[in-house]
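Grab a pen and open the viewer. Here are some exercises to work through, each with a solution you can follow step by step.

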Amino acid sequence: MSDGATKTRRERVGAERRGPKTGRRLRPGPTAGFAMLPWLLLGLGSFSNLVQGETPNPWFGAIGLLVFNSLYINVVFRAFHPSARHSRGTWGALAGMAVMTFGLGGAYGGSWLLFFPLFGLACGTVLRGRHLVLAGTPLVVAVAVVSAVHDGWGAVTIAYGTVISMLVTAAILALSETVVELRSTRQELARSAVEEERLRFSRDLHDLLGHTLSVIVVKSEAARRLAPRDMDAALAQITDIESVGRQALTEIREAVTGYRDTSLTTELDRARSALTAAGIEPVVRQSGPPLGPRTEALLGWVVREAVTNAVRHSGATRCEITVDGAPEQVRLVIADDGRGVRSGPADDVGADAGTGYRGTGLTGLTERLAVAGGSLEAGPAGSSGRGFRVTAVLPVDPTADAPPTGKASPTESERPA
């Protein structure tokens, strides 16, 4: 046999022992009906009686032995396939085994009574839970009665063997199936965790790069306009571009490792700088108690995304950012007086009042705030359709989002740039 054929055969055999989607063996217990075949040795005593001529009507016994063994093999192999285990063919084979078991055991007794434990084992491979109890109870009673007729007190041993073989087989296979389900669930949770991490990474990169590149473009345009008449101001803008680029590199590294902690104060300062460079007057109002790290991080992302959209697409002259904190919740409103929701491409602006479309940035923020129990709304700032407003509401959790110690007392300020 060639090496390629040998490798193909090994892969095929290995695939039979693995789950359909995973690359490892799922079932820790028996994987096929072959594990149940050695128990057929219990019928050697009956076969010996047939060969030695100690059994009346040997043709009846031989045919019964052949039919019983055939049905047993059929049942135990079908039991390891979930779709076949509960089919009519399997139940019919079990019913045929019951007829042959009681027929042979009732007719001959002696070593033929050992077919009752074999039948119990076959029942254990197929039946589970309530069906096992409903079928097992009358079965054990009937086995005890038939055995008592032929073997007296020996019926206790036969009945006990039937119960044990049925219950132990069902327990082992049920435990094996439970382990398979647990492993499948664990793999599904692992896949979900990977998908969540990918989603987090894509959101962070979208927000970081979108905002940073927008600021760089705006400041580059400002430097180009200022260079002919005020070189010092142009150099200041170029210095800001360098600072923004270096900060973006740091933030991308932190986003990759998952340790980025966005500060609301830092984002408000950056928003003032970006809006001013774009020719938009920033007005920032902040009131309420100090916020915890989680709340500040989420609101910082909202400020970053909303200001980026205002700088790139709004054509506004004024942008107001209001942070209104309370003991139970904090409310952030960012509104501009620009052209409104149709002022730029839908995938960048983030929302469209006419179509209900939500872009990638605001959609991602909505999902983030929803996980934290908050909400985000975006739409026209007024009834005229001009302007754009983003409103974020977050509950304050005093246990999971306790503010860091040492912060200043609540303040309220209005600081136009």
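Residues with under 20% relative accessible area are called buried, those over 50% exposed, and those in between partly exposed. Keep in mind that this is a predicted model.

**Exercise 1. Classify Arg-285, and find out which residue it shares a salt bridge with.**

Step 1: Arg-285 has a relative accessible area of 26%, so it is partly exposed.
Step 2: Look for an acidic partner. Arg-285 forms a salt bridge with Glu-320, and the closest N and O atoms are 3.2 Å apart.
Step 3: Place the two along the chain. Glu-320 sits in strand E2 (residues 318–325) and Arg-285 in strand E1 (residues 281–287), 35 residues apart, so to speak a link between distant parts of the chain.
Step 4: Check the partner. Glu-320 also comes out at 26%, so it is partly exposed.

**Exercise 2. Extend that pair: which residues are linked with it in a network of salt bridges?**

Step 1: Start from Glu-320. It forms a salt bridge with Arg-318, with 3.0 Å between the closest N and O atoms.
Step 2: Arg-318 has a relative accessible area of 27%, so it is partly exposed.
Step 3: Write down the full network: Glu-281, Arg-285, Arg-318 and Glu-320.

**Exercise 3. Find where Glu-188 and Arg-191 lie, and describe their salt bridge.**

Step 1: Both residues lie in helix H8, three residues apart, which is about one turn of the helix.
Step 2: Their side chains meet in a salt bridge at 2.5 Å, N to O.
Step 3: Now the accessibility. Glu-188 is at 42% and counts as partly exposed; Arg-191 is at 40% and is partly exposed.
Step 4: For the overall tally, the structure holds 10 salt bridges.

**Exercise 4. Decide whether the ring pair of Tyr-108 and Trp-112 is stacked, edge-to-face or tilted.**

Step 1: The ring centres are 4.9 Å apart, and the cut-off for a pair is 6.5 Å.
Step 2: Planes under 30 degrees apart would be stacked and over 60 edge-to-face. Here the planes are at 40 degrees, so the pair is tilted.
Step 3: Put the pair in context. The whole structure has five aromatic pairs, and ring pairs join Phe-60, Phe-68, Tyr-108, Trp-112 and Phe-115 into a cluster.

**Exercise 5. Is Tyr-108 buried or exposed, and what does it touch?**

Step 1: Find Tyr-108 in helix H5.
Step 2: Its relative accessibility is 17%, so Tyr-108 counts as buried. Trp-112 is buried too.
Step 3: List the contacts, skipping residues up to four places away in sequence: Thr-55, Pro-56, Asn-57, Phe-60, Gly-61 and His-150.
Step 4: Take Asn-57 from that list. Tyr-108 and Asn-57 are 51 residues apart in sequence, while their C-alpha atoms are 9.9 Å apart in space.

**Exercise 6. Which elements give two or more residues to the largest nonpolar core?**

Step 1: Size up the core. It has 37 residues, and Tyr-72, Val-75, Leu-94, Met-97 and Cys-123 have the most contacts inside it.
Step 2: Two or more residues come from each of helix H3 (58–78), helix H5 (88–108), helix H6 (115–126), helix H7 (129–151) and helix H8 (155–226).
Step 3: H6 provides the largest share, eight residues.
Step 4: Zoom in on Val-75. Leaving out residues up to four places away in sequence, Val-75 touches Thr-90, Ala-93, Leu-94, Met-97, Ala-122, Thr-125 and Val-126.
Step 5: Don't stop there. A second, separate core has 36 residues, including Leu-268, Leu-275, Trp-301 and Val-303.
Step 6: As background, nonpolar side chains in soluble globular proteins tend to be buried together.

**Exercise 7. Classify Leu-41, and name the residues of its nonpolar surface patch.**

Step 1: Leu-41 falls in the loop between helix H1 (3–16) and helix H2 (44–51).
Step 2: With a relative accessible area of 57%, Leu-41 is exposed.
Step 3: Leu-41, Leu-44, Phe-47 and Val-51 make the patch, which covers about 420 Å².

**Exercise 8. Locate Val-244 and list its contacts beyond four places in sequence.**

Step 1: Val-244 belongs to helix H9 (residues 231–257).
Step 2: At 22% relative accessibility, Val-244 is partly exposed.
Step 3: Its contacts are Thr-212, Val-215 and Ile-216.

Methods
Residues numbered from 1 in each chain as written. Predicted model: local features only at pLDDT ≥ 70, side-chain atom pairs only at ≥ 80, totals over all residues. Heavy atoms only, no water. Patch = residues over 30% accessible without salt bridge, like charges linked within 9 Å, V, L, I, M, F, W, Y side chains within 5 Å. Areas by Shrake-Rupley, 256 points an atom, 1.4 Å probe, with all protein chains shown as cover. Salt bridge = Lys/Arg side-chain N within 4 Å of Asp/Glu carboxyl O. Buried < 20%, exposed > 50% of the residue type's maximum accessible area, 1.4 Å probe, protein only. Contact = heavy atoms within 4.5 Å. Core = buried A, V, L, I, M, F, W, Y, C linked by side-chain atoms within 4.5 Å. Phe/Tyr/Trp six-rings, centres within 6.5 Å; stacked < 30°, edge-to-face > 60°.
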